[in-house]
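Student: Got a minute to go through this model with me? I'd like to test a few labels against their definitions.

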Amino acid sequence: MEEERQIEELKERLKNCKNIVVFTGAGISKESGIPTFRDSDGLWRNFKIEELATPEAFEEDPVRVWSWYLWRKEKIAECKPNSCHLLISKWEKEFENLWVVTQNIDNLHRRAGNNNVLELHGNIFYTRCINCFDVKEDHSLSYPKLPPKCQCGGILRPHIVWFGEALDPNILNKAIEFSQKADFFISIGTSTVVYPAASLPFIAIQAGAYVVEVNPEKTSLSKNAVLSLRMKATEFASFFLI
Ligand code: APR
């Protein structure tokens, strides 16, 4: 089987790697029950970005935005890390220097046991005050009144990067640095269309890393990666978690 040969090649290569980046998108969490954004059943097929995921939308109607994020938070809180999240957690213990660089806000990599996690787009279980910028972990699934308020009296917002907003430069610069230093870079479950995150696999290619993609569909990365595996995240994990 071609796939098995490719996986054996990948395993051989991985054995000698030290600096590993695991870059993930919504697809890795789909089999945990969390919808992606752009698949046929994706969130952006049913909801409007301009009404829910921009700073302007929050300014215009913070109650609508909060209601949607609380709905997502409740769904995400019911989900569990799947075998692919668990594989990556196992890898973090096995390899010298492994970092997870994720676009996901679902906290599933941390729940799977990864400590080295860069959350490029924030985390749905944190809030940020738009007045004092205080960031707090918050697992509330409802509030007495929306929008919730900070102790300083300011309005709280989900600690998420919305469209049109810049990523945290400390997190982005670290992700770029790790991608430049990586000898093994694997991209799992992302359509590779949202920048600057989508530039990371290409930065790794430029720097000479062994770049692998896992996605049931082709993306702009597929023809540039050393190996592009047309499979689901848990299918990929099944080759390792025997
Ligand atoms: N296993 C692996 N990949 C999968 C699976 C699966 N079971 N199911 C779907 N996929 C793939 C799809 O083929 C698609 O390429 O996951 C990808 C999901 O793509 P998107 O929905 O575009 O999600 P993502 O790439 O994470 O989006 C990037 O866009 O909406 C913003 O901020 C949001 O972080 C998000 C960013």
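Tutor: Sure, and keep in mind that it's a predicted model. Let's start with helix 9, residues 169–181, which has 13 residues.

Student: How do you know what span to expect for helix 9?

Tutor: Take 1.5 Å times one less than the number of residues. For helix 9 that gives 18 Å, and the first C-alpha to the last covers 18 Å, so the span is close to what's expected.

Student: What makes the buried residues of helix 9 line one face?

Tutor: Those residues are L172, A175, F178 and S179. Looking down the axis of helix 9, they fall within an arc of 130°, so they line one face. In general, an α-helix has 3.6 residues a turn, so residues three or four places apart point the same way.

Student: What do the buried residues pack against, and which exposed residues sit on the face turned away?

Tutor: They pack against strands 1, 2, 3 and 7, plus helix 10. The face turned away carries P169, N170 and K181, called exposed because each is over 50% relative accessible area.

Student: Why is the pairing of D168 with N170 called a polar contact?

Tutor: The cut-off is 3.5 Å between N or O atoms. A side-chain oxygen of D168 comes to within 2.8 Å of the backbone nitrogen of N170, so the pair qualifies.

Student: And what makes R38 a polar partner of the ligand?

Tutor: The reasoning is alike: a polar side-chain atom of R38 is 2.7 Å from a ligand oxygen, so it's within 3.5 Å. As for cover, the protein buries 94% of the 740 Å² that the ligand exposes alone.

Methods:
Residues numbered from 1 in each chain as written. Predicted model: local features only at pLDDT ≥ 70, side-chain atom pairs only at ≥ 80, totals over all residues. Heavy atoms only, no water. Helix = DSSP H or I, 4+ residues; strand = E, 2+ residues; numbered from the N terminus. Buried < 20%, exposed > 50% of the residue type's maximum accessible area, 1.4 Å probe, protein only. Arc of directions from axis to C-beta. Contact = heavy atoms within 4.5 Å. Polar contact = N/O pair within 3.5 Å; in protein donor to acceptor, adjacent residues only side chain to side chain. Areas by Shrake-Rupley, 256 points an atom, 1.4 Å probe, with all protein chains shown as cover.
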